[in-house]
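Please open the structure in your viewer and keep the selection panel at hand. The stops below go from one selection to the next.

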Amino acid sequence: MPRPLHRGATGIRISGNSNDLWDSQMKDKTEKQDMDRNRSSDQNYLALKFPVRVLFPDNNSPSKYVNCENGFAYDPFNAGNPRSRHKLTLLLLKLSLAVIVVLALTGSFWWTISISTLSRGQILHTYRRLQEQLVSDLWDIGELSLGSSRLQELEFCSQESEIYVPCFNVSENLALGYSDGSENDRHCGQSSRQSCTVLPPVNYRIPLHWPTGRDIIWVANVKLTAQEVLSSGSLTKRMMMLDEEQISFRSVSPMFDSVEDYSHQIAEMIGLRNESNFVQAGVRTILDIGCGYGSFGAHLFSKQLLTMCIANYEPSGSQVQLTLERGLPAMIGSFTSNQLPYPSLSFDMLHCARCGVDWDQKDGIFLIEADRVLKPGGYFVWTSPLTNARNKENQKSWNFVRDFAENLCWEMLPQQDETVLWKKTSKKSCYGSRKPGAGPSTCSKAHDVESPYYRPLQRCIAGTQSPRWIPIQERTTWPSRSHLNKSELTVYGLHPADFREDAENWKTTLTNYWSVLSPIIFSDHPKRPGEEDPSPPYNMARNVLDMNAHFGGLNSALLEAGKSVWVMNVVPTGGPNYLPLILDRGFVGALHDWCEPFPTYPRSYDLVHAEGLLSLQIRQQRRCTMLDLFTEIDRLLRPEGWVIMRDTAPLVESARRLTTRLKWDARVIEIENNSDDRLLICQKPFLKRQGVSS
């Protein structure tokens with residue numbers, strides 16, 4: 001750690017009065033010259049031994065400048081007539097000019113040689129390393145200047161923050177003037193940042209390992225009451241059993257129609273034999289709107305389908321929180337006022353089973369947003385009592401949805417019971433063949449933004465300008481879909497060789513990660529009494545967050561290695577946007593600004609990974625500190641969860657010092673064949689509020 005900087009004297013103290021100085025010097029000239037010679041040799045010696053004192057003299061040392069009667073300083077070493085002083089000044093100026101010219105020519109010569117021998121990339125690389133080192137040094141200096149209080153551990157948040165999600169403060173939003181449903185939407189500001197660490201609820205227990213944790217979760221880990229279970233959707237209620245300590249989920253029941261029967265019904269409506277054939281029909285990723293507690297996605301996971309649950313923020317009985325607790329993909333999102341943080345043409349299927357969205361409201365703008373994120377040839381599934389409406393008001397709502405879907409160029413397939421299914425057109429020509437004024441128009445090129453970030457909902461059909469307009473039936477099926485072919489990579493400006501190299505690098509990186517983690521897990525964190533000994537690291541982590549996902553290489557490497565995980569691939573708004581590529585590979589993810597809280601509940605992830613995120617953040621206009629970032633990671637991470645960060649050595653070292661404030665256990669590990677980067681391996685401890693018994 002850099003030592004504190006000690007400043008010298010800021011000025012030179014001038015003392016004494018010398019009206020008779022010249023006479024005194026003339027009387028004792030010989031003695032004066034001897035003293036000057038001795039003093040000169042002493043000063044040369046001191047200048048070599050203590051160079052700081054040359055720049056910042058001691059206030060107590062005698063000054064060589066003295067005051068004359070007119071108030072200006074008189075220098076005894078400049079004695080002589082004006083002509084001599086003038087000649088001497090000109091000579092010094094000429095010498096200085098000559099030295100400057102020589103130095104300039106020499107510097108230019110060596111700069112030319114450097115430019116010719118170094119590539120531009122190497123120069124930028126060196127510049128960035130120097131910039132990162134400077135930021136790290138400034139961070140250290142800032143900590144030292146603020147004293148020991150800067151290094152103190154963060155306080156614990158209040159008990160009300162156990163399930164609090166920043167940016168979703170309904171009372172604050174109402175006070176700011178939001179209404180008509182937008183008060184429930186996401187609104188981030190300076191007040192959204194927390195400067196404390198969130199403790200788990202009383203009696204919190206580490207979730208069970210996958211796949212057991214998919215069907216059994218601990219009651220104390222979520223905020224849910226029996227009344228909220230009873231008031232949930234009929235399909236959800238009969239999929240759950242609530243007792244004192246745990247909640248059990250079941251996908252098959254001899255007494256009721258199961259989610260398996262429901263999935264089978266949807267497959268038949270598409271024309272498939274059963275839900276196992278979804279993949280052959282081009283379906284891999286599903287956006288489950290208002291997902292209940294994730295039972296639909298839990299069942300389809302075994303069919304190689306990946307379902308992303310989105311639902312409104314709920315202070316209690318949260319669909320998103322329970323789904324994440326089961327080890328299934330979920331995040332807070334709503335059809336209220338802003339577009340979702342997904343690119344256009346993202347999902348193969350959208351599913352809404354009594355999801356609570358009034359699709360007939362606001363002139364169909366919610367259906368336009370659903371169409372935006374749906375791939376060409378994809379399916380929209382809607383299960384609602386409105387589809388079999390009897391009264392006039394409900395029939396009016398149903399007729400509006402049906403007619404509006406037709407104007408979006410959705411083809412309605414045969415209905416079964418309360419479930420209706422539409423297929424989005426795969427031909428752009430459909431929009432031009434509609435009757436004049438029928439339905440919304442297609443977006444112009446200027447308004448057809450591929451990856452909006454919580455932009456207000458638009459009233460035009462998006463995605464028609466995108467080169468990614470490829471029907472799902474024409475795409476490679478899963479799992480080959482994750483390896484994009486040459487023509488698909490061309491859309492993103494990538495060369496196949498670069499893509500393959502990235503994939504191979506991630507395979508090696510993942511092996512190295514696990515070789516580091518496995519001994520740490522079993523030396524520092526032995527298995528708990530009564531638990532089976534898992535084969536490391538098969539099920540030590542289930543929910544994984546990649547904060548800077550690049551091409552989704554970590555996700556791909558984990559799946560190819562047979563790890564039973566899912567990855568939330570986050571692409572920062574300030575970096576290159578490869579989120580469309582990630583979603584086209586059959587993964588899930590979202591666009592996010594890491595200076596804002598992520599839209600999820602506390603304790604959502606077992607493992608948080610970030611490669612190059614710190615470097616990316618400092619290259620952008622910094623609106624937040626490294627402490628803000630790490631406090632948010634602590635909120636997202638489960639107790640006993642892991643953090644893996646890879647970045648430059650100066651930034652990793654600064655981050656390591658910061659982890660002490662969060663009470664994390666942290667280690668810095670050098671990377672072979674890469675002297676610039678370091679690994680930061682951290683584990684969040686299982687802390688409990690003092691004075692509260694478990």
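Which residues lie on one side of strand 15 and which on the other, and are they buried or exposed? Select Val588, Ala590 and His592 for one side and Gly589 and Leu591 for the other: all are buried, and both faces of the strand are covered. Buried here means under 20% relative accessible area, with exposed meaning over 50% and partly exposed in between, for a 1.4 Å probe and protein chains only. The model is predicted, and local features need pLDDT of at least 70, side-chain atom pairs count only at pLDDT 80 or more, while totals for chains, interfaces and linings use all residues. Residues are numbered from 1 along each chain as its sequence is written, and side-chain values use heavy atoms, with hydrogens and water left out.

**Strand 15 and its partner**

Strand 15 covers residues 588-592, and five of its five residues are buried. Helices (H or I, at least four residues) and strands (E, at least two) are DSSP runs, numbered from the N terminus. Now add residues 566-572, which make up strand 14; this strand pairs with strand 15 in the parallel sense over five bridges, where pairing requires that DSSP finds at least two bridges between the strands. Within this pairing, Pro572 stands opposite His592 of strand 15. Select residues 579-584 next to follow the chain from strand 14 through helix 19 to strand 15, a β-α-β crossover that is right-handed, in the sense that, with the strands pointing away from the viewer, the path from the first strand over the helix to the second runs clockwise.

**The loop after strand 15**

Move on to Cys595 and Cys624, which form a disulfide with sulfur atoms 2.1 Å apart; a disulfide is taken as a pair of cysteine sulfur atoms within 2.5 Å. Cys595 lies in the loop between strand 15 and strand 16 (605-611), and Cys624 in the loop between helix 20 (613-619) and helix 21 (626-636), so the pair ties together parts that are 29 residues apart in sequence. The torsion about the S-S bond is about -70°, so this disulfide is left-handed. Cys595 counts as buried at 13% relative accessibility, as does Cys624 at 9%.

**Two further disulfides**

The structure holds seven disulfides, one of which joins Cys291 to Cys309, with an S to S distance of 1.9 Å. Cys291 sits in the loop between strand 6 (285-289) and helix 11 (295-301), and Cys309 in strand 7 (residues 306-311), so this pair ties together parts that are 18 residues apart in sequence. Their link is left-handed, with -55° about the S-S bond, and both Cys291 and Cys309 are buried. Then select Cys352 and Cys355, whose sulfur atoms are 2.0 Å apart in a disulfide; this link is left-handed too, with -75° about the S-S bond, and Cys352 and Cys355 are both buried.

**An enclosed helix**

For the last stop, select residues 365-373, which form helix 13: nine of its nine residues are buried, so the helix is largely enclosed by the rest of the structure. The buried residues include the charged-looking names you may wish to label, Glu369, Asp371 and Arg372, together with Ile365, Phe366 and Leu367.
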